[in-house]
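Student: I would like a close look at one part of this model. Please take one sheet apart for me, then place it beside the rest.

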Amino acid sequence: MKTERGGKNILLAHGSGGRLTQELIGSVFRRTLSNSILDKMDDSAVVQLDGNLAFTIDSHVVSPLFFPGGDIGRLSLTGTVNDLAMAGAEPLYICAAFVIEEGFPLDDLERIVSSLGLAAGEAGVEVVAGDTKVVERGAADGMFITTSGIGLIPASVHISASAARPGDAVIVSGTIGDHGIAILSKRQGMDFQTEIKSDCAPLGGLVASMLDASRRVRTLRDPTRGGLAATLNEIAAASGVAIEVDESSIPYRSEVRAACELLGLDPLVLANEGKLVAFVARRDADKVLGAMREHAYGAGAVIIGEVQESEKPRVYLRTLLGSRRILSMPTGEQLPRIC
Amino acid sequence: MCLAVPAKITEMENQIATVQVGGLSRQASTVLLPDAAVGDYVLIHAGFAISLIDEEQALETIRLFDEMTGGMASGGGGA
Amino acid sequence: MPLTYLDEFRSAPHVQRLLDELNERRGAELKIMEVCGTHTMAISRYGIRQAAPRGITLISGPGCPVCVTANADIDRFIEIAMLPGVIATSFGDMLRVPGTRMGLAEARSRGADVRIVYSPLDALKMARDNPSKHVVFFGVGFETTAPTVAATLLEAHEQGINNFFVQSVHKLVPPALEALCSMPDLDIDAFLCPGHVSAIIGPQAYKPVAEEFGIPCVVAGFEPVDVLQSLIMLAAQVDEGRSEVELQYSRGVRPDGNPQAMALLHSVFEPADAEWRGLGIIPGSGLTIGDRFSSHDASVRFQVDVSYSHEPRGCICGEILTGVHTPRQCKMFRKVCTPDHPLGPCMVSSEGTCAAYYQYED
Ligand code: SF4
């Protein structure tokens, strides 16, 4: 953290386990995230579950910590909720660990925790355990949050990246690239005067309504890092199939498209934080699509392609000219380019 | 080489233009294109306006395409 | 609806009609080279190579100024970036290009303060905001980009921003084209010429190529209909035995280019010989910073030792670019040289000939 404001800052002592730690937990974390399990303040959260469990963990680092449409708090909650949802699970319980840089403004911490809490409420999950560590100035870039989560998978649901079959329809839940551009547009030198919002959102509800509509949803993935290009390539490889996507059917916001033109970025490689890709048996595709469009986070859902038989796992784009080109696994980071 | 994108100048002050591309706006320098004015379409490269887009020429090109396709395609922009 | 100058040139019916027309051609085999990285990207993005009729082969020339940056130039910039108190700024494309020992991305991981900018003006702003640091901009690019850097240098000079420096490795397109044309084995029938370079230098700059070397040139735009129409124009020239400079991209390119930008470029830079990755030294194909601005010239201000520099050994990009060899004939291909560890420009550029072979033939 380079800036310090008038308000109070996090001290190393806040992470020492002493009175300041207790104070911080009480005044910031418990106040915002309170629930019957967390409030017990035992060393472990005790929950009762029965059935197929989905269990996942994700670390969240983002610069800037606050971006249009979200912040690291909301991001770290939705990221883990979405990983659970992509297994077809109903997300239930979350643990969160905060690594905070000494000198971090207390106000900002409160904003981040409260945003995490709001997202938890929206996602219908409880934050049942947590941890806070403070590291010396310079040892972290403001704050890192790691969240893990548990969810319950209904008995008849079998969703996997290796389950895509030839003939399946490929559906995306809405516009692509919003989060990536929202983050990039806040970096130094971009100076867009238009605000592009991140799509950061919990997708458990959307997945539940898709599964209500059909049990022939075979694969779900949220195209985060590496974007749609990475996700489709992962699924093609895991399922041993080819995926063909019609380029003109992929939905983009016009500002995102414009930013990509200006900066020379490929929107298919940009991160999304509130979108999913679904592979659904052809005969149920319209049913699932209908259910998605009923949902706020799936209103822009469209079919973008289909799965094909193939000896080699491949992802193809059908271009405007009607020709097929390979959409390969992205290499390296996406940066503004001049050529 | 050289990515350049058509953008419309919406404001201008001291050779710094506000330009718009597809609902997105940012600033660009017009030092290399001193005659550019508000309302003009220009090509933006690396934060600079480098060339004025000639509307008549653009329409002429579109008209040629239209002729070739038997006038069946408006091409999205008739004006 | 008002023109956006993008969507109108991406219309599917137009594309289809142009493709049909191209397909009707019954002329001899045609090898067309594009010499612009942005054309390369457009051709790949829209699958133009796959859609073009059998008799027409599209070859990627040395059209990406980033990809052709020589090891020695990258090594120098990295050595400067490693000096204490330096902020090294660059366009994002440069991060991927390897030097003799490492590329910029690795230099950053070893502690160099490397920052990516969208415009040279962003680098100048960084210099203004960090008066105690030396801000060095890696001036890479063709005639399109060089004037933007010239304007930035001029502004730095006029405002007395003395901690702003440029390492100029700018390159010029016509001398490189003429050098290609002079290669004895050149097997190219026509050039698709860069629209945005031409917006600055004007289409007449290719006259020697068309008239002295007898190779048809069309200055083309970057949307799919632009590229297809330009291919039709080139095929017509070849079939009719003409070799002229024609302008397809008439909405973006004035017949005399951009004289103000050219004047600015010449007031700041001077032509010089330049080393191109994989091609060697091409006389008069580079730009160095003129005496008036030498206090902003990074290669004058920072003395660094790059005696270890050498160009990638075994790379036959020169022969690949001229169409004499295919990547499979390169001993390095796939074994040493891969998209993740590229040696020559044909692999550095993700759309280069070697990278394309790598991707499509595995
Ligand atoms: S494979 Fe690599 S080393 Fe060989 S010609 Fe291509 S770029 Fe050069």
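Which residue in strand 6 of chain A does Ala96(A) stand opposite?

Tutor: Ala96(A) stands opposite Thr147(A) in strand 6 of chain A. Keep in mind that this is a predicted model.

Start with the two strands around that pair. Strand 4 of chain A covers residues 90-101, and strand 6 covers residues 143-153. They pair in the antiparallel sense, over 10 bridges. In general, strands of a sheet pair through backbone hydrogen bonds, either parallel or antiparallel.

Now widen the view. Strands 4 and 6 belong to an open sheet of 4 strands in chain A, with the order 1-6-4-5. The pairing in this sheet is mixed. Strand 1 (52-60) and strand 5 (126-135) of chain A stand at the edges. Each has a single partner strand, so one side of each lacks a neighbour in the sheet. From one strand to the next, the twist averages 10 degrees.

Two backbone details belong to the loops on either side of strand 1 of chain A. Met41(A) is in the loop between helix 2 (36-39) and strand 1. Its phi is near 55 degrees, a positive value in a residue other than glycine. Pro64(A) is in the loop between strand 1 and strand 2 (66-67) of chain A. The peptide bond from Ser63(A) to Pro64(A) is cis, with omega near 0 degrees. As background, most residues other than glycine have a negative phi, and most peptide bonds are trans.

Next, set chain C beside it. Here 5 strands form an open sheet in the order 2-1-7-8-9, and the pairing is parallel. The edges are strand 2 (56-60) and strand 9 (245-247) of chain C, each with a single partner strand. Neighbouring strands of this sheet are turned by 25 degrees against each other on average, direction ignored.

Strand 7 (residues 190-194) and strand 8 (residues 217-220) of chain C pair over 4 bridges, in the parallel sense. Leu192(C) has Val218(C), in strand 8 of chain C, as its bridge partner. Helix 2 (residues 37-45) of chain C lies across strands 1, 2, 7 and 8 of that chain. This helix runs at about 105 degrees to strand 7 of chain C.

Last, the ligand. It sits in the second largest cavity. The residues around the ligand include Cys315(C), Cys317(C), Phe333(C), Gly344(C) and Met347(C). By class, the shell has 11 nonpolar residues, 1 polar residue and no charged residues.

Note on methods:
Residues are numbered from 1 along each chain as its sequence is written. Chains are lettered from A and ligands numbered from 1 in the order in which they are written. This is a predicted model: local features need pLDDT of at least 70, side-chain atom pairs count only at pLDDT 80 or more; totals for chains, interfaces and linings use all residues. Side-chain values use heavy atoms; hydrogens and water are left out. Two strands pair if DSSP finds at least two bridges between them. Axes are lines fitted to C-alpha atoms, for helices over the stretch in contact, and angles run from 0 to 180 degrees between N-to-C directions. Contact means heavy atoms within 4.5 Å. A residue is near a molecule or strand if one of its heavy atoms lies within 4 Å of it. On a 1 Å grid over the protein atoms alone, a cavity is a set of points where a 1.4 Å probe fits but cannot get out, and a pocket is an open set with protein on both sides within 12 Å along at least five of seven lines; lining residues have an atom within 4 Å of a point. A molecule sits in a cavity or pocket if more than half of its atoms lie within 2 Å of its grid points. Ala, Val, Leu, Ile, Met, Phe, Trp, Tyr, Cys and Pro count as nonpolar, Asp, Glu, Lys and Arg as charged, and the others, Gly among them, as polar.
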